[in-house]
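Got a minute to look at a fold together? Scroll through the model below, and then we'll walk through it.

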Amino acid sequence: MQKYLFKNIHIVNEGKIETLDLLTDGERIEKIGSGLSCKSDVTEINGEGKFLLPGVIDDQVHFREPGLTHKATIYTESKAAVAGGVTSFMEMPNTIPNALTVDLLEDKYSIASQHSLANYSFFMGVSNTNAEEVLKVNKLKENICGVKIFMGASTGNMLVDNYNTLEKIFRETELLVATHCEDEKIIRDNYQRLKTARGVLTASDHPLIRDDNACYESSLAAIQIAKKFNTRLHILHISTEKELQLFGNMFPLKQKRITSEVCVHHLHFTSDDYAELGYKIKCNPAIKAPNNKAALWKALLDDRLDVIATDHAPHLMSEKEGDYEHAHAGLPLVQHPLLLMLHYYKQGHIALEKIVEKMSHAVADCFGIKDRGYIREGYFADLVLVDMNQPSVVSKENILYKCGWSPLEGFGFPATITHTFVNGCMVYGKGVWHESEKGQRLKFGGPL
């Protein structure tokens, strides 16, 4: 495999920005320092004025394969991810068939091993009736990112509302439990009340139906069960100011038993945007009133929120149209999370070091990912080269999602991702793709 020598590049890593050289050798980072040289064949990259970041690790995506490949495939969406600096992803079980058995879960790993350009892991899915099957993955915990529980409506047979099942999983699993928290009864009651009052619902009704109480009550219930059994709980896509009182920052991430994730769309959009974007930004949990966005930013910066993700969930544009009941929920986002955060860096909302912490370091620490998430000697060379002096704009011509659209179309970023390296291979470089090497299965070894 080709060696690369980055010269005089601004390395953003572990709370610092330092101008150094970096040498890769095969899959790994060999040396970081000043005045590095290499006697063997090496491709030298002039890093002057550019920034080198550890690859983004997205802990929540929906790549739709198997069963929903008209929307997306592991190949198409991993390619979009790599173009956006995302070098590793963790994918959700609500594909078709739902990943509710070990065999079905391993089928997804097999597809990824053949087609994914990024590193990958897949969550084991939970239903009301498959607890014994879920617990089989305790023996595979070094090879699986976690167990996913939908405590709210989802695709297929994956709404888990049987308290005995929840208790059994929380009590006996040895893996991280990731939850989608929305209270189904509150959602149904809100829907019936608004439907009766208005007759026809619109996109702007979505945050009133999937409101802050639905999120709060479900998150509270998950936390109460986790505390009862000392479960390693990770609550996904926090979207409300009210939920933030459930999370703390008194302990470092590695000591937390209960952690949280915020998604880029909840940091960027508010309910004011439904007027222009309509069902394009319909998602679960809903994008809500502006006070929530402001509170989420504050909690992200003070470490009550631990990681940033996308919840990438592509649908065809035809599936986003029609009436409230039929417009699908979900946004395609995995190509642009880093660029979007760099926009907020330029706006003065967040430091580069904090972006790297929340999108790379903290995700690796949260899940106990082996040898990734940091720029360190001996770690895998998952690296992103960013030119902060080259603006870019989202357009249909440069969108790589199979669904072919983005809620960010026309949005201008202050930077460009010029190169992305996955396991030391330059998969993407200045618009040119090198797809011979595929991503690797993530390994987990940190304490839970």
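What follows goes from the whole chain to its sheet and then to some single residues.

**Ground rules**

This is a predicted model, so keep the confidence limits in mind: local features need pLDDT of at least 70, side-chain atom pairs count only at pLDDT 80 or more, and totals for chains, interfaces and linings use all residues. Residues are numbered from 1 along each chain as its sequence is written, and side-chain values use heavy atoms, with hydrogens and water left out.

**The whole chain**

The protein chain has 12 helices and 20 strands; these are DSSP runs numbered from the N terminus, with helices being H or I of at least four residues and strands being E of at least two. How does its radius of gyration sit against the value for a compact globule? The chain has 21 Å, which agrees with the value near 22 Å for a compact globule of 448 residues. That radius is taken over C-alpha atoms, and the globule rule is 2.2 Å times the number of residues to the power 0.38. Along the principal axes, the C-alpha atoms fill a box of roughly 70 × 50 × 45 Å.

Of the 448 residues, 60% count as buried. Buried here means under 20% relative accessible area, exposed means over 50%, and partly exposed is in between (1.4 Å probe, protein chains only). Take the contacts (heavy atoms within 4.5 Å) between residues at least 6 apart in sequence: 75% of them join residues at least 24 apart. The accessible surface is about 16,700 Å², with 48% of it belonging to carbon and sulfur atoms; the areas come from the Shrake-Rupley method with a 1.4 Å probe.

**The parallel sheet**

Now for the open sheet: six strands in the order 9-10-11-12-13-14, with parallel pairing. Strand 9 (124-125) and strand 14 (307-309) stand at the edges with a single partner strand each, so one side of each has no neighbour in the sheet. Two strands pair if DSSP finds at least two bridges between them. Here are three of the pairings:

| Strand pair | Bridges | A facing pair |
|---|---|---|
| Strand 10 (residues 147-151) and strand 11 | five, parallel | V147 and V177 |
| Strand 11 and strand 12 | three, parallel | A178 and H234 |
| Strand 12 (residues 233-235) and strand 13 (residues 258-263) | three, parallel | I235 and S260 |

Why is strand 11 (residues 177-181) described as largely enclosed by the rest of the structure? Five of its five residues are buried, so that description follows. V177, T179 and C181 point one way from strand 11, while A178 and H180 point the other way.

Leading up to strand 12 is the loop from helix 7 (212-229), and R232 sits in that loop. R232 is buried, with a relative accessible area of 4%. Its C-alpha is 7.3 Å from that of L175, although the two are 57 residues apart in sequence.

**Two helices**

Is helix 11 (residues 337-346) mostly covered or mostly open? Mostly covered: eight of its 10 residues are buried, including P337, M341, H343 and Y344. Just after helix 11 comes G348, with a positive phi of about 85 degrees.

L208 belongs to helix 6 (residues 206-209). At 39% relative accessibility, L208 counts as partly exposed. Leaving out residues up to four places away in sequence, L208 touches N190, R193, L194 and R198. V264 is 56 residues from L208 along the chain, and their C-alpha atoms are separated by 21 Å.

**Backbone oddments**

Where are the cis peptide bonds to look at? One runs from E65 to P66, with omega near 10 degrees, and P66 is in the loop between strand 6 (56-61) and helix 1 (74-83). Another runs from N284 to P285, with omega near -5 degrees; P285 lies in the loop between helix 9 (274-277) and helix 10 (290-301).

Then there are positive phi values in residues that aren't glycine. E14 has phi near 50 degrees and is found in the loop between strand 1 (4-13) and strand 2 (16-25). E14 is partly exposed, with a relative accessible area of 37%. D311 has a positive phi of about 55 degrees and lies in the loop between strand 14 and helix 11. D311 is buried, at 8% relative accessible area.
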